[in-house]
Amino acid sequence: MSTDDTTNATTSSDRRDAVREKAQQVRVRQSRAKWARRSAIGVTLVAAVAAVAVVVTWTVSTTAGRPQLTPANLSHEGGFPVTSITGSTGTLDASLATPSPTPADATATPAPDATPTATAAAVEIDVYVDYLSPGAREWQVANSDQLSSWLSQGAATLSYHPVSMLTAKSNGTKYSLRAAGAAACVATHSPDLFFPFNQELLMRQPAIDSDGFSDEELADIAQATGVTEPKRIRACIEDGSFISWVKESTESAVSGIPDTNGLALTGTPMIVVNGEAYVGELTDPAEFSQFVLTSSSGAFYRAQATPTPTATPVPTASPTP
């Protein structure tokens, strides 16, 4: 082989080596760039996950640290017992009020007394009320006077259970839920004025599918009824202090009402008398009165069903003649 051929072969080999070396360098640079990108993405993901973890941890800890407020002055059934009707400012709507029956309206064989008496155990009346329910308003209007009379005579006990069945019926303002929470605020901080506030909410009931009253307006209504500690009650209402409690109480009643024979809340109003649901006409106070009287009589006769045994006289020995 000639020298020129050897030189050409060497030159070609050198060129191939140089090309391979440059290609290797390019691959190394690309590999480093790809590793750097992956590392950057990994760092970003780690940072994002860490940020989410911090937010979740903060949220959980904040929720866990926030007290779950429960109203005061609850009965053992979870309602607010009416201890006083003094100061009631609710005005009955004449178009809805139903007059109390007169003797002329009575049936041919009237009951001796259409009012439960305190001679037996007082009749227990529990009212599950949604402040956006037209039926709840109608029942309250029709029966307010006789409820007041029974309470003053000690013939009945009365408890209200504010619930939120119609929360979705107020253009997204959740009026039903907020009004029930406001009632819980008044029952907690001014229990003697709960009845008039409850009455006002029903007498001034907004229309379904309207916005309803704002929290500020609910606090104004409470203040207008003469509640004690108006500033504390306003803060309670505007902060939504008992909103969670209302939700839980409503869900609990839907699952089952305690001390009843399998009753559950399916709509409002639901009036439970001595553990039995009233299913009569909401606007007829005479019908409701008869239902209460029947329940009262039943309770009385059940109490008398097991008479106290009397002592049997022990014979004495005859004297010996």
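**Exercise 1.** In this predicted model, determine whether the faces of strand E4 (residues 270-273) are covered or open.

Solution. Take one side of the strand: Met270 and Val272 lie there, and both are buried. Turn to the other side: Ile271 and Val273 are buried as well. Both faces of E4 are therefore covered, given that buried means under 20% relative accessible area.

**Exercise 2.** Find the strands that pair with E4, and give the bridge partners of valine 272.

Solution. Start with strand E2 (residues 123-129): four bridges join E2 to E4, and the two run antiparallel. Within this pairing, valine 272 of E4 is the bridge partner of aspartate 126. Next take strand E5 (residues 276-277), which pairs with E4 over two bridges, again in the antiparallel sense. Here valine 272 has alanine 277 of E5 as its bridge partner. Finally, inspect the hairpin of E4 and E5: two residues stand between the strands, and asparagine 274 takes a positive phi near 50°.

**Exercise 3.** Locate glutamine 205, classify it as buried or exposed, and describe its surroundings.

Solution. Glutamine 205 sits in the loop between helix H4 (194-203) and helix H5 (215-224). Its relative accessibility is 17%, so glutamine 205 counts as buried; the cut-off is under 20%. Leaving aside residues up to four places away in sequence, glutamine 205 touches Asp130, Tyr131, Leu132, Ser133, Pro134 and Arg137. For serine 133, look at the backbone: its oxygen lies 2.8 Å from a polar atom of the glutamine 205 side chain.

Note on methods
Residues numbered from 1 in each chain as written. Predicted model: local features only at pLDDT ≥ 70, side-chain atom pairs only at ≥ 80, totals over all residues. Heavy atoms only, no water. Buried < 20%, exposed > 50% of the residue type's maximum accessible area, 1.4 Å probe, protein only. Pairing = 2+ DSSP bridges. Polar contact = N/O pair within 3.5 Å; in protein donor to acceptor, adjacent residues only side chain to side chain. Contact = heavy atoms within 4.5 Å.
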